[in-house]
Amino acid sequence: MLSARTLPALRAAAAGLARAPAVTDPSAARQLALGRGVFEHRAVIVPGGPEELRQGLRAVAEGEWHPQVLTGRAAPRTRTVFVFPGQGAQWMGMAAELLDESTPFADALAACDRALAAHVNWSVTDVLRGTPGAPPLTRDDVAQTALFAVMVSLAEQWRAYGIVPDAVIGHSQGEIAAAHAAGALSLSDAAAVVARRAAAVRALPAGAMATVALSRQDTEARIARSTGPDTASLSVAAVNAPRSTVVTGAPGAVARLAAELTAEGIRTKTVPVGYASHSAAVEALRGPLLSDLAGLAPRAARIPFYSTVEGAVLDTTALTGDYWYRNLRRPVEFATAVRAALDAGFTTFLEMSPHPLLIHGVLETAESAGLTAAAVGTLRRGEGGLRRFLLSAAEAFVQGAPVDWRTSVPGPGRGAGHVDLPTYPFERERHWLMPTGHGVPAPRPPVRLEATAERAPAPPGEAAVLDLVRSFAADVLGYRDGAGPAADETFLSAGMTSLPATQLRTRLSHRLGLELASTAVFDHPTPAALSRHLSRLLERRVPGADGELPDGLEALYRRALDTDRADVALRLIGDASLLRPAFDAASHTEHVPPAARLADGNTAPALLCLPSVVPAGGPHEYAALARLLPDHREVWALPQPGFGPGERLPADGEALLAVHTAAVARLAPGSSYVLCGHSSGGLVARALAARLERLGRPATGLVLLDTFEDDDLLHTALMPRFLTAAAAREDVLGSTGVGTTRLTATGAYLRLLGDLTAGPASTPTLLIRAALPLPGAAAGTLEPRRHAAHTTATADGDHFTMMDAPHAASVAAVLGDWLAAR
């Protein structure tokens, strides 16, 4: 493992180590992993021997891809979600190698076997090893039970490497393992749920399931138009991402729908299950399941449990037999749960499975929300040993996960000491990219930082990019001749599925230095189409390549901000928002986004937070504050409608306030609560407090966090500065874009702010101002105007950083004292 503050320094360090004689000494790995500081630019090599180690180091030094090397830039702050998939990840011999190579995994699996022994007459260990007489994985009950044991044990494997979950999400039966990992179910209770649930489904009639690359709405429309025998059995079983849905029903009906969609070029894939889960076919199991699981004793979880039955954080004392029936019957709201976790500030998703099924869905959901996330699997089909786990741990580490490498490097041993390795390379150098003889970018000799006038050379030609695409596609698809699919052959017909597509996208992104969408491979369905897309991106990356404006609303928006035309940026997103569908106050109940629980507690009053309406705003703004707030207080965030994928915008201020009034009624029907709003979210919170006063259901208090008055100054002078500063902050934090949905939502909300009524006259109000001025503004020139009868306080940080650790501690202290007096 090696790291550096900059990418050139990382490459220089790797080059030096590749030449160092002592780098193959067993003590060198320990010295590098544990004896040096860890910086944001990282590389990890998992070699099979000394020569592969040097090859890996040379690949890092030259910016090349290597199968045993992971490189990346760590996110500044990470919060980790353990993700547990449902049926479909199983394969013969899964994790059998890890049983022999990892004591933590083997011990955890043995504990699962002991817990399951009360319910089944066979051993999961025997199933994994293929012991004669063991039942086959092709049986649904065996597959589900074995997957549960493997997933629970993989979670313990990650814990052994220092990664503990901050939250969990389970998909279908994966919720059982998730509940145990969160501390909500004992191992014996979890074993009872999975074994009895798995045994019950054996009595169901034959059924089938398939994933389709369509939105939920489009899938339901296709089901409604379907004809033929058993069409009535079809329904949506799961929503894995904005464009990934699972259908369930009778085998013939599912096969017929999948064939029709495949003929139209829409990706489909059969799920290896023999019954129609998450459909009306399972309703006969309600009585038996409630009876079999009557003795469960669910507990309050140690960490948030994001329910894919409800699509939000759930009080896990409700994980009774009735919940597990609904888990089997209702559609899996995986995308909604992932979105809720993203909005709460979770950024790293680790899939606890023998083969990744859900990482593509996580990435697609994050991208559709304009958020950045890391999604990493654990094992893969045909790769079930410790080396595969270490590669996955490396992939998580280079993106910011705090992996503890002590168990993976040789111990100090007798006589072991310091080995002579190159020190940190402090050279201040810049590496430009230039075409090689093959037309693909490669590092050129270092150029001193002072040589900034030199322009980047032209990108490689489309033919060279096509060769690269075909070569990488051949590798991820396992083509032995290395030629890859033909230029006009579709990736689907070549056998490309979600995992290799994600691998291909990652390798191309790394090799070409481009940010690519998780769906890039399927959005451009042939090597020729993908290479044309990549070539266009490379051309636009070169400053002044063609003098034309970039394509897309977000690119135009950023160009306007980059050229000090914030007024143009505001008009762009404002006008574009008029094309979005909207809802009025009369239909508001259909458009209330699920609230995000940020903290649990029983101290009154609860805190209900309204996010700001800038493009990157959301419930995550309050994550640090919720963690630091004293007195174990319940904290919820109420998302602004229209910022999520597929959501409609409120037509006016009345529609917006109707949505939030309904959300408050659901969360605090009879208890006391305080409304809170940061920045522009405070304007919404003020208007909502006024409405609740008029309705006779007033809030206990109102908290405004550096909120400005809504007047001409805000719209003409302050809002352009907010957007410019926010865009720069997104770049610093590594954002890859916020997306059209969020940009147009911001455009609509800036128009709606004028529709909101004036603030309340009697609700006690606290205004917490930022001590520092808005970034880029002179001190004292842009301050929130004080409101009559407000209590005013000052907290550390500026308008943005006051919400981040460590400054959020200052806000939490002021707010905690004020709330204690309510």
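This is a short dialogue between a learner and a teacher about reading a predicted model of one protein chain.

Q: Where do I start: how many helices and strands does the chain have?
A: Welcome! Counting the elements is a good first step, and here the chain has 28 helices and 26 strands. Next, look at how much is hidden from the surface: of the 822 residues, 56% count as buried. The accessible surface of the chain comes to about 32900 Å², and 52% of that belongs to carbon and sulfur atoms.

Q: What share of the contacts join residues at least 24 apart, among those between residues at least 6 apart in sequence?
A: That share is 77% in this chain. For a single case, take L657 in helix α24, which spans residues 653–667. L657 and A585 are 72 residues apart in sequence, yet their C-alpha atoms are 8.3 Å apart in space.

Q: Is L657 buried or exposed?
A: Buried means under 20% relative accessible area. L657 has a relative accessible area of 3%, so it is buried. Leaving out residues up to four places away in sequence, L657 touches V684, A687, L688, R691 and L756.

Q: How should I read a sheet, and which order do the strands take in the open sheet of six?
A: The general idea is that side chains in a regular strand alternate between the two faces of the sheet. Here, the open sheet of six strands has the order β11-β10-β5-β4-β12-β13, and its pairing is mixed. Its edge strands are β11 and β13 (374–376), each of which pairs on one side only. Inside that order, β5 (residues 167–170) and β10 (residues 305–307) run parallel and are joined by two bridges. I169 has Y306 in β10 as its bridge partner.

Q: Which way do β7 and β8 run, parallel or antiparallel?
A: They run antiparallel, with five bridges joining β7 to β8 (residues 244–249). The two strands form a hairpin with two residues between them. Within this pair, S235 stands opposite T248 in β8.

Q: Why is β7 described as largely enclosed by the rest of the structure?
A: The reason is that six of the seven residues of β7 are buried.

Q: What can I say about the second largest pocket?
A: Start with its space, about 1400 Å³. Among its 48 lining residues, the closest to the centre are T336, P594, P645, G646 and E647. You have already met β7 (235–241), and this strand is one of the elements that supply at least two residues of the lining. The largest share, five residues, comes from α14. By type, the lining divides into 23 nonpolar, 13 polar and twelve charged residues.

Q: What backbone features should catch my eye?
A: Most residues other than glycine have a negative phi, and most peptide bonds are trans. Two aspartates go the other way: phi is near 65° for D230 and near 55° for D706. D230 is found in the loop between α10 and β7, while D706 is in the loop between β24 (701–705) and α26 (712–732). D230 counts as partly exposed at 49% relative accessibility, whereas D706 counts as buried at 4%.

Q: Where is there a cis peptide bond?
A: Look between A604 and P605, where omega is about 0°. P605 lies in strand β20, which covers residues 603–610.

Technical notes: Residues numbered from 1 in each chain as written. Predicted model: local features only at pLDDT ≥ 70, side-chain atom pairs only at ≥ 80, totals over all residues. Heavy atoms only, no water. 1 Å grid on protein atoms, 1.4 Å probe; cavity = no way out; pocket = protein on both sides within 12 Å on 5 of 7 lines; lining within 4 Å. Points joined across faces, edges and corners; volume = space filled by probe spheres on them. Helix = DSSP H or I, 4+ residues; strand = E, 2+ residues; numbered from the N terminus. Nonpolar A, V, L, I, M, F, W, Y, C, P; charged D, E, K, R; others polar. Buried < 20%, exposed > 50% of the residue type's maximum accessible area, 1.4 Å probe, protein only. Pairing = 2+ DSSP bridges. Contact = heavy atoms within 4.5 Å. Areas by Shrake-Rupley, 256 points an atom, 1.4 Å probe, with all protein chains shown as cover.
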